[in-house]
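User: I am a first-year student learning to read protein models, and I would appreciate a close look at one part of this one. Please choose a residue in the interior, describe its surroundings, and then set it within the whole.

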Amino acid sequence: MNNDISEKYKISPYLIIFPLYVSMVGIGVLTYQRTVIKHAGYNAWISVIITGFSIHILLWMIYKLLSASEDANDIATINNKLFGKIVGSFLNAAIALYFVFGAFVKFKVYIELIQVWLFPSMNFLYVSIVIVLLVYYAVSGGLRSVTGIAVWATMISLVSIIPQVSLTFPYLHPLNLLPLWNHSLAEVLLSSKDMAFNFLGFEILLLFYPFVKTPEKSQKWAHLILFMVILLYLVILVLALMFFTEEQLRHSIWPTLNMIGIFEVPLLQRLEYIAISLWFIKIIAGISIYLWSACRATKIAFRIRPRLFLALSLIAITILCEIIRDHRTVEKLSAVYSEVGLYFIYAYIPLVLIVVLIRKRWVRHLRRTT
């Protein structure tokens with residue numbers, strides 16, 4: 001129940017916008033254009049809208065799921081109640097590993113970004129250790145600490161990326177977007193599937209929910225920030241479509257950085273270097289949120305001390321980052337995480353909601369008949 005969490009550990013309803021933004025907008029915002037246009041080409045902007053609409057529905061489902069469970073208000077407790085201790089523990093372990101996997105993908109992709117754009121010959125073990133220590137410090141401070149970092153990360157992210165991509169306005173070619181519909185519905189939906197990867201992260205709400213004061217009041221804020229994220233992805237994609245040719249986009253690994261990389265500003269010089277450097281706190285916040293969620297799930301399900309699980313997770317992530325150095329392998333792991341995430345949000349969440357609603361109706365029926 002919500003009562004076992006002290007008020008001093010909870011956050012105000014409106015503050016949910018910051019961890020949700022940080023979890024949904026990561027390194028993917030610098031790269032997603034290449035994958036989204038794979039099937040739908042210049043019509044990929046339609047896919048962003050379709051995916052965003054489906055995420056709004058899933059977000060509503062999460063709130064419905066968590067508010068409908070009278071004796072449980074986080075996914076770990078719900079799993080134990082619905083499926084029993086053995087199956088519930090297995091599902092909770094899978095959820096914890098899912099969030100650790102997501103943290104690793106964020107971690108590795110950012111390290112690779114620094115290596116490609118800033119310091120190609122640097123030994124990144126030291127950078128990894130610095131990130132690990134900062135993440136450990138943040139997560140050890142609890143949810144309020146993680147949320148505080150997310151606030152700063154959100155501000156820095158919005159202040160840095162939006163003005164920079166706006167510099168492309170004089171070089172845009174709006175006619176690139178025409179004709180408005182020259183791809184089939186199947187192709188647009190395939191691009192929507194690829195776009196869904198970039199929205200992964202809103203599912204942290206499954207574990208954040210009991211830590212929000214009057215959580216039902218946070219729903220409007222959650223939908224508001226989701227709308228803003230959809231708008232952000234849509235604007236950046238449309239700018240990229242008007243800036244590059246379709247063939248250029250297909251061969252660009254970091255389209256957003258390539259867009260801002262052509263500009264040189266007095267004193268600052270290369271803008272992409274500034275963007276990558278400012279993204280550091282954003283990555284710290286994103287990894288911290290994922291690992292806090294994983295620690296919370298294991299604490300509820302297995303009574304494992306969060307700091308112990310956190311330390312083991314960070315050690316494992318650091319070792320994997322040192323072992324995995326090939327870009328192709330990183331892409332394959334990102335694809336696996338995306339596939340697992342799609343099953344998690346589009347299959348698991350609706351399924352659990354249906355089971356919870358059936359159980360709730362059955363309990364009500366039993367109470368009436370007794």
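The request and the answer to it concern the part of the structure around one helix residue. Where is Val-188 found, is Val-188 buried or exposed, and which residues does Val-188 touch?

Analyst: The model shown here is a predicted one, and the values below are computed from it. The account starts at Val-188, moves to a contact partner, and then widens to the whole chain.

Val-188 is found in helix α7, which comprises residues 185–196. The relative accessibility of Val-188 is 0%. A residue counts as buried when this value is under 20%, and Val-188 therefore belongs to the buried group. Leaving out residues up to four places away in sequence, Val-188 touches Ala-40, Ile-46, Ser-47, Ile-50 and Trp-181. The C-alpha atoms of Val-188 and Lys-38 are 9.8 Å apart in space, although 150 residues separate the two in sequence.

One of the residues touched by Val-188 is Ile-50, and this partner can be examined in turn. Ile-50 has its place in helix α3, residues 44–68. With its neighbours within four places in sequence set aside, Ile-50 is in contact with Val-188, Leu-189 and Ser-192. Ile-50 has a relative accessibility of 31% and so counts as partly exposed, whereas Val-188 is buried at 0%. A separation along the chain may also go with a long distance in space: Ile-50 and Leu-320 are 270 residues apart along the chain, and their C-alpha atoms are separated by 35 Å.

Two further residues extend the comparison of sequence and space. Leu-15 lies in the segment before α1, the helix of residues 17–24. Its relative accessible area is 18%, and Leu-15 is therefore buried, the limit being under 20%. The C-alpha atoms of Leu-15 and Arg-144 are separated by 9.8 Å, with their positions 129 residues apart along the chain. Ser-145 is found in helix α6, residues 143–165, and is partly exposed, with a relative accessible area of 24%. Ser-145 and Gln-33 are 112 residues apart in sequence and 33 Å apart in space, C-alpha to C-alpha.

The loops contain two residues whose backbone angle phi deserves attention. Most residues other than glycine have a negative phi. Thr-214, however, has a positive phi, near 40 degrees. Its place is in the loop between α8 (205–208) and α9 (219–243), and Thr-214 is partly exposed, with a relative accessible area of 38%. Arg-303 also has a positive value of phi, near 60 degrees. Arg-303 is found in the loop between α12 (271–302) and α13 (306–323). Its relative accessible area is 70%, and Arg-303 is therefore exposed, since that class begins over 50%.

The cysteines offer another question of distance. A search of the whole structure finds zero disulfides. For Cys-295, the nearest cysteine sulfur is that of Cys-321, 17 Å away. A disulfide requires a pair of cysteine sulfur atoms within 2.5 Å, so a separation of this kind does not qualify. Cys-295 counts as buried at 4% relative accessibility, and Cys-321 is likewise buried, with a relative accessible area of 4%.

The whole protein can now be placed around these details. Its secondary structure comes to 14 helices and two strands. The radius of gyration is 21 Å, close to the 21 Å that the globule rule gives for 370 residues, so the protein is as compact as a globular protein of that length. Along its principal axes, the C-alpha trace spans about 70 × 50 × 35 Å.

Of the 370 residues, 54% count as buried, and Val-188 is buried as well. Among contacts between residues at least 6 apart in sequence, 85% join residues at least 24 apart. The protein exposes about 17200 Å², and carbon and sulfur atoms supply 68% of that area. There are 31 positive and 18 negative charges, and the mean positions of the two sets are 12 Å apart.

To return to the chosen part, Val-188 of helix α7 is a buried residue that touches, among others, Ile-50, and Ile-50 itself is placed in helix α3.

Conventions:
Residues are numbered from 1 along each chain as its sequence is written. This is a predicted model: local features need pLDDT of at least 70, side-chain atom pairs count only at pLDDT 80 or more; totals for chains, interfaces and linings use all residues. Side-chain values use heavy atoms; hydrogens and water are left out. Helices (H or I, at least four residues) and strands (E, at least two) are DSSP runs, numbered from the N terminus. The radius of gyration is taken over C-alpha atoms; the globule rule is 2.2 Å times the number of residues to the power 0.38. Buried means under 20% relative accessible area, exposed over 50%, partly exposed in between (1.4 Å probe, protein chains only). Contact means heavy atoms within 4.5 Å. Accessible areas come from the Shrake-Rupley method with a 1.4 Å probe; for residues, only the protein chains shown count as cover. Lys and Arg count as positive and Asp and Glu as negative; His and the chain ends are not counted. The place of a charge is taken as NZ of Lys, CZ of Arg, CG of Asp or CD of Glu.
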